[in-house]
Amino acid sequence: MQTSDLERQRLEHHVLVRECAAGNATNRDLFVSEFDRLLGATALAVRNSRGAKNVEIDELKQHIYLQLFEDDCRRLRAWRGDAKLSTYLVQVSRNSCVDYLRKQAKYQWVEGALEEDAAQTASVP
């Protein structure tokens, strides 16, 4: 890609991010269609690297989108354009997935401990 093409793409992405933050549903749909495969591939890579095969990719992507679009797209608006939007989205998605999987592991540990405690309590005469 030539420099002018990169500049044009960055400008288009700045407009897309601004319109998403403004609540434009059409542009949010456009954003999802443009970056869904990238976010899914990132979620898959993080899930596999963390050994969390029991977590669905769609569940991780939903969490990513919720974080990207919450607070009037705060995370999207934080992109300054120093790097490509796709590069920024990979990093945000990776962090989002790691946080989600960490919370899931914590809840599973607590759930397991509660079940074990209940089983021990039930076996006491």
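These legends accompany close-up views of a predicted model.

**Figure 1. Overview of the four-helix chain.**
The model is predicted. The protein chain holds four helices and zero strands. From the N terminus on, the order of elements is α-α-α-α. The chain has 125 residues, and 31% of them count as buried. Among contacts with a separation of 6 or more, 66% join residues 24 or more positions apart. The exposed surface comes to about 8300 Å². Carbon and sulfur atoms supply 51% of that surface.

**Figure 2. Aromatic pairing between helix 2 and helix 3.**
A pair of aromatic rings is described by the distance of the centres and the angle of the planes. The count for this chain comes to three aromatic pairs. One of them joins Phe31 and Phe69 in an edge-to-face arrangement. Their centres lie 5.7 Å apart, with 70 degrees between the planes. That angle is over 60 degrees, so the pair is classed as edge-to-face. The pair links distant parts of the chain. Phe31 sits in helix 2 (residues 25-49), and Phe69 sits in helix 3 (residues 57-77). The two residues are 38 apart in sequence. Phe31 is buried, with a relative accessible area of 0%. Phe69 is buried too, at 17%.

**Figure 3. A stacked pair within helix 3, Tyr65 and Phe69.**
Tyr65 and Phe69 form a stacked aromatic pair. The centre-to-centre distance is 6.0 Å, and the planes differ by 15 degrees. Because Tyr65 and Phe69 are four residues apart in helix 3, about one helical turn separates them. Tyr65 has 12% relative accessibility and counts as buried. Ring pairs link Tyr65 and Phe69 with Phe31 and Phe35 into a cluster.

**Figure 4. Arg28 over the ring of Phe69.**
Arg28 lies over the face of Phe69. The distance from the ring centre is 4.8 Å. Phe69 therefore takes part in an aromatic cluster and also has a charge over its ring, as 4.8 Å falls within the 6 Å limit.

**Figure 5. Lys61, a buried lysine in helix 3.**
Lys61 is placed in helix 3. Its relative accessible area is 14%, so Lys61 falls under the 20% limit and counts as buried. The side chain of Lys61 makes a polar contact of 2.9 Å with the side chain of Asp36. Leaving out residues up to four places away in sequence, Lys61 touches Asp36, Leu39, Gly40 and Ala43. Asp36 thus appears both as polar partner and in the list of contacts, where heavy atoms lie within 4.5 Å.

**Figure 6. Leu101 and its surroundings.**
Leu101 belongs to helix 4 (residues 85-123). Leu101 is buried, with a relative accessible area of 8%. Residues up to four places away in sequence aside, Leu101 touches Val46, Arg47, Arg50, Ala52, Val55 and Leu60. Val55 is 46 residues from Leu101 along the chain, yet their C-alpha atoms are separated by 8.2 Å.

**Figure 7. Thr42 in helix 2.**
Thr42 lies in helix 2. Its relative accessible area is 9%, and Thr42 counts as buried. Not counting residues up to four places away in sequence, Thr42 touches Val90, Ser93 and Arg94.

**Figure 8. Arg80 in the loop between helix 3 and helix 4.**
Arg80 sits in the loop between helix 3 and helix 4. At 66% relative accessibility, Arg80 is exposed. The side chains of Arg80 and Asp82 are joined by a polar contact of 2.8 Å. Arg80 and His14 are 66 residues apart along the chain. Their C-alpha atoms are separated by 8.7 Å.

**Figure 9. Positive phi at Asp71 and Asp72.**
Asp71 has a phi near 50 degrees, a positive value in a residue other than glycine. Asp71 is placed in helix 3. Asp72 also has a positive phi, of about 55 degrees, and is not a glycine. Helix 3 holds Asp72 as well. Asp72 is exposed, with a relative accessible area of 53%.

Notes:
Residues numbered from 1 in each chain as written. Predicted model: local features only at pLDDT ≥ 70, side-chain atom pairs only at ≥ 80, totals over all residues. Heavy atoms only, no water. Buried < 20%, exposed > 50% of the residue type's maximum accessible area, 1.4 Å probe, protein only. Areas by Shrake-Rupley, 256 points an atom, 1.4 Å probe, with all protein chains shown as cover. Phe/Tyr/Trp six-rings, centres within 6.5 Å; stacked < 30°, edge-to-face > 60°. Lys NZ or Arg CZ within 6 Å of the ring centre and 35° of its normal. Polar contact = N/O pair within 3.5 Å; in protein donor to acceptor, adjacent residues only side chain to side chain.
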